[in-house]
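Colleague: I am new to this structure and would like a close look at a single part. Please take one place where two helices meet and then describe what else can be said about the fold.

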Amino acid sequence: MNLQNLDRRIIFAVLLIAVASAFLFPRPLHIAVEPPVQMAYDTLNKLQPGDRVLMAFDYGPSTMPELQPAALAILRHCFQRKVKVVFFTLTNEGLPMIADALSQVAVPLDEKENVDYVNLGFKWGGLTGSSVIEGLGSNMQAVFPVTIKGTAYHDVPLLHDVKNFSDFKALISFSAGTPGINEYIQYANARYHIPIVGAVTKVTAPREFPFLNSGQLAGMCAGLVGGAEYEELIDHPGFGMSGLFALSIAHLVVLGCIVAANIIYFFGRRQSSR
Amino acid sequence: MSHDPWVWIAAFLTLAIFSFLYKDNVFYKIAEHIFVGVSGAWLFATYFQSDIVEDMLMKSFPHFFHRTEAPNYITLGGGVIGLIILLRMVPGFSWLSRWGIAFVIGFQTGLQLFSAINAYILIQVRAALVSLFVPRNIGLTIRNWLQAGGTFTSLSYFYFSKEHKGAFGVLTRIGIWFLMISFGAAYGSTVMTRMSILIGRVYFLLSTWLGVVRA
């Protein structure tokens, strides 16, 4: 068989078997926590009981494996510190993500809706979410007059004295693109100076490092790895940890394919030159 | 194995989408059409609730929604502008749609101008001005040199008013190296993201659906 014309479906199958094997025969991995994740943890660990944070779930099912581990770990950390959480999303795909996070973390921890947390739901703020973010900076009630369950803003105990960003200690953005973390940096941080902690997909992470460097981001978890690192910090292993072993195996397969393809190409070229 | 019918539907759709990797087939087509239909319906329902009901009708006519606050008729203005944009489909009045589009563009430009310059230029320029010698911290000194050098040489590469030859050519070639390293990091991150998505679906199949892996 000519290896240079190897059916790509064989590579797909090998990759699938490798990933499945990693889940069927898991091995514990030592995780070294990177500085951006440590910064995120330290920022949130300084919060006092009763402090409030905003959590924006701006991602959907397609990026759930990357962002949900960080979202669950950070939410758990906040509830452990008795921090009150206000959820919202600028993308309609974020609604089921919030519901999933609440069922996995808030319900088992017996957190009370409208007292310990409240879900304000989805609001379309244009392609960049600017109108909603600006609105949250001036008058939150005007943007979200009711919660996702239809409760009036002024009837929610957690929101009684909440007017705008100045009533929150941090904004935590789980972001898969636009609108997302860059818009919060642009509008919420640059104008209203609210500290921003982010969890982003690995593909968007490189463009966020300058903001981390400039202090516009107070911490960042990038991709599945970032989620696993945060799970390590709060000592609560979840999908991030188990997924990380599978990710390592998948990367070994990809690296093996790259090396093998180069060797095959090199020898194939030598043979054809003869 | 799961007894939840929705999990079975999700597993079928996952496998149907994956089956495209073998070749195009009827199961993939079914999953693709369901995805497009459901996405469209979900999009319409959530946007209608958010924009038309909550932002316009509920604020303009709160009593219809058993709410006590005073009506805010100015929110009807957004609906009027929306209708003006839709006039593009009405022959003879299509020119009016430009007014609505002009309003939206003008509003967005005004809103973005200050914050974009502030967040993406001024603060970033300030952060790029680093000390090239940090006493008793060789690590930070090297990092700052790399940051300043990378910024300067990469920007030099995009300066096209001078031919990239001689000393300036060397500078721009160093800039290319910095750019290539950043592109490589971005590509590696992209692979990582795609793998994570695969891992998520495999985990769902093995754990939530088949139950052979402990959740």
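**A helix pair and a sheet**

Modeller: In chain B, helix α3 (residues 76–86) and helix α4 (residues 97–128) have axes that come within 6 Å and cross at roughly 130°. The model is a predicted one. Angles over 145 degrees would count as roughly antiparallel and 65 to 115 as roughly perpendicular, so α3(B) and α4(B) are oblique to each other. The crossing of α3(B) past α4(B) is left-handed. On the α3(B) side the contact is made by B:I81, B:I84 and B:I85. They meet B:S97, B:W99, B:G100, B:I101 and B:F103 in α4(B). Sorted by class, this contact has six nonpolar and two polar residues, and no charged residues.

Chain A offers a sheet to set beside this helix pair. It is an open sheet of six strands, paired in parallel, in the order β3-β2-β1-β4-β5-β6. In chain A, β3 (117–122) and β6 (219–222) are the edge strands; each has a single partner strand, so one side of each is left without a neighbour in the sheet. On average, neighbouring strands of this sheet are turned by 15° against each other, direction ignored.

Within the sheet, strand β4 (residues 170–175) and strand β5 (residues 196–200) of chain A run parallel and are joined by five bridges. A:F174 stands opposite A:A199, which belongs to β5(A). Helix α7 (residues 181–192) of chain A lies across β1 (52–58), β4 and β5 of that chain, and runs at about 170° to β5(A).

Note on methods: Residues are numbered from 1 along each chain as its sequence is written. Chains are lettered from A and ligands numbered from 1 in the order in which they are written. This is a predicted model: local features need pLDDT of at least 70, side-chain atom pairs count only at pLDDT 80 or more; totals for chains, interfaces and linings use all residues. Two strands pair if DSSP finds at least two bridges between them. Helices (H or I, at least four residues) and strands (E, at least two) are DSSP runs, numbered from the N terminus. Axes are lines fitted to C-alpha atoms, for helices over the stretch in contact, and angles run from 0 to 180 degrees between N-to-C directions. Two residues are in contact if their C-beta atoms, placed from the backbone, lie within 7 Å. Angles under 35 degrees count as roughly parallel, over 145 as roughly antiparallel, 65 to 115 as roughly perpendicular and the rest as oblique. A crossing is left-handed if the near helix is turned anticlockwise from the far one by less than a right angle, and right-handed if clockwise. Ala, Val, Leu, Ile, Met, Phe, Trp, Tyr, Cys and Pro count as nonpolar, Asp, Glu, Lys and Arg as charged, and the others, Gly among them, as polar.
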